[in-house]
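Thanks, everyone. I'll take one structure today and walk through it from the helices to the ligand.

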Amino acid sequence: MELMSFDWWLFCMRWLHVICGVMWIGHLWYFNFTQTPTVPKIPAELRPGVTKFILPEALFWFRWGAMGTILFGLILAYMNGYLGSALKIGIGDHSTHNTTIGIGMWLGTIMWFNVWFIIWPNQKKNIGLVQATPDEIKVAARTAGLTSRVNTMLSIPMLYCMTGIHFY
Ligand code: HEM
């Protein structure tokens, strides 16, 4: 295959898409499988180590990973010539591929929205970037945590669709 050809750029976009996806979902699963269940077991005086140092850094890679994933994912669909068809979930196009990737793309887009418009604004209160009362911080942490759990559950069918394109 020729270097810098269309096919090479297509491959490059797929590679960047998956790299960003791992950065995003890797952190999502770290939050839900490791951090959230473990923090309550950490002695109170050590907890700021997580909330003040690890969490802000992890949230940076998490949210920008999500941004890169959706950006390169949409470029991929456009370069493959099925962006419109996938967005209408392949309806009317008799394409199981476009239906499958379309469902995956919508699930991923809902998850991206949750990251940028629910989890991150609430976490900003939790890590002290936005002023909030202790009660507000409690509500914010709970909202962010529940939304994060929803995203973890959505990530399973989303990845089923992303990889299912080679089957359906
Ligand atoms: C946020 C919205 C997302 C959009 C719009 C999107 C879009 C796409 C598109 C268009 C493809 C190409 C399918 C094809 O080759 O025909 C794809 C493949 C793929 N995506 Fe996503 N995606 C998203 C989220 C994710 C996430 C979070 C991951 C996590 C790692 C991911 C992992 C993959 C994988 C592994 C493939 C398969 C590559 C292959 O087998 O060739 N995607 N995605």
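Start with a definition. The expected span of a helix is 1.5 Å times one less than its number of residues. Now apply that to α5. It has 31 residues, so the rule gives 45 Å, and the end C-alpha atoms are 45 Å apart, which agrees. Keep in mind that this is a predicted model.

Let me stay on α5. There is a kink of about 30° at S155, shortly before the proline P157. S155 is also one of the buried residues of this helix. The others are A140, A144, S148, N151, M158 and M162. What covers them? The cover includes α1 and α4.

Y160 sits in α5 too. Buried or exposed? Y160 has 14 C-beta neighbours inside 10 Å, so it counts as partly exposed; the buried class needs 20 or more. For a sense of distance, take Y160 and L46. They are 114 residues apart in sequence and 38 Å apart in space, C-alpha to C-alpha.

Next, the overall picture. The protein has five helices and zero strands. Along the sequence that reads α-α-α-α-α. The C-alpha atoms fill a box of roughly 55 × 35 × 25 Å along the principal axes. Of the 168 residues, 26% are buried. Now contacts between residues at least 6 apart in sequence. Of these, 70% join residues at least 24 apart.

On to α1. Same check. For its 33 residues the rule predicts 48 Å; the end C-alpha atoms are 46 Å apart, which agrees. α1 has a kink of about 40°, centred on F31. F31 is among its buried residues. So are M13, H17, C20, G21, W24, I25, H27 and L28. They pack against α2 and α5.

A general reminder here. An α-helix has 3.6 residues a turn, so residues three or four places apart point the same way. With that in mind, look again at the buried set in α1, which includes H17, G21, W24 and L28.

Now the core. The largest nonpolar core has 20 residues. Which have the most contacts inside it? W24, L28, F62 and A66. The elements giving two or more residues to this core are α1, α2, α4 and α5. α1 gives the largest share, six residues. Look at A66 in particular. Leaving out residues up to four places away in sequence, A66 touches W24, W112, V115 and W116.

Then the ligand. How many residues surround it? The count is 23, and the closest are G21, G73, A77, G108 and M162. Two of those names came up earlier: G21 is buried in α1, and M162 is buried in α5. α1, α2, α4 and α5 each supply at least two residues of the shell. By class, the shell has 14 nonpolar, eight polar and one charged residues.

Last, some backbone geometry. Most residues other than glycine have a negative phi. Two residues in the loop between α3 and α4 go the other way. I89 lies in that loop, and its phi is positive, about 55°. H94 lies there as well, with a positive phi of about 50°. Their surroundings: I89 is partly exposed, with 17 other C-beta atoms within 10 Å. H94 is exposed, with 8.

That's the tour. Questions are welcome.

Note on methods: Residues numbered from 1 in each chain as written. Predicted model: local features only at pLDDT ≥ 70, side-chain atom pairs only at ≥ 80, totals over all residues. Near = placed C-beta within 6 Å. Helix = DSSP H or I, 4+ residues; strand = E, 2+ residues; numbered from the N terminus. Nonpolar A, V, L, I, M, F, W, Y, C, P; charged D, E, K, R; others polar. Bend = angle between axes of the 7 residues up to and from the residue. Buried ≥ 20, exposed ≤ 12 C-beta atoms within 10 Å, placed from the backbone. Contact = placed C-beta atoms within 7 Å. Core = buried A, V, L, I, M, F, W, Y, C linked by C-beta atoms within 7 Å.
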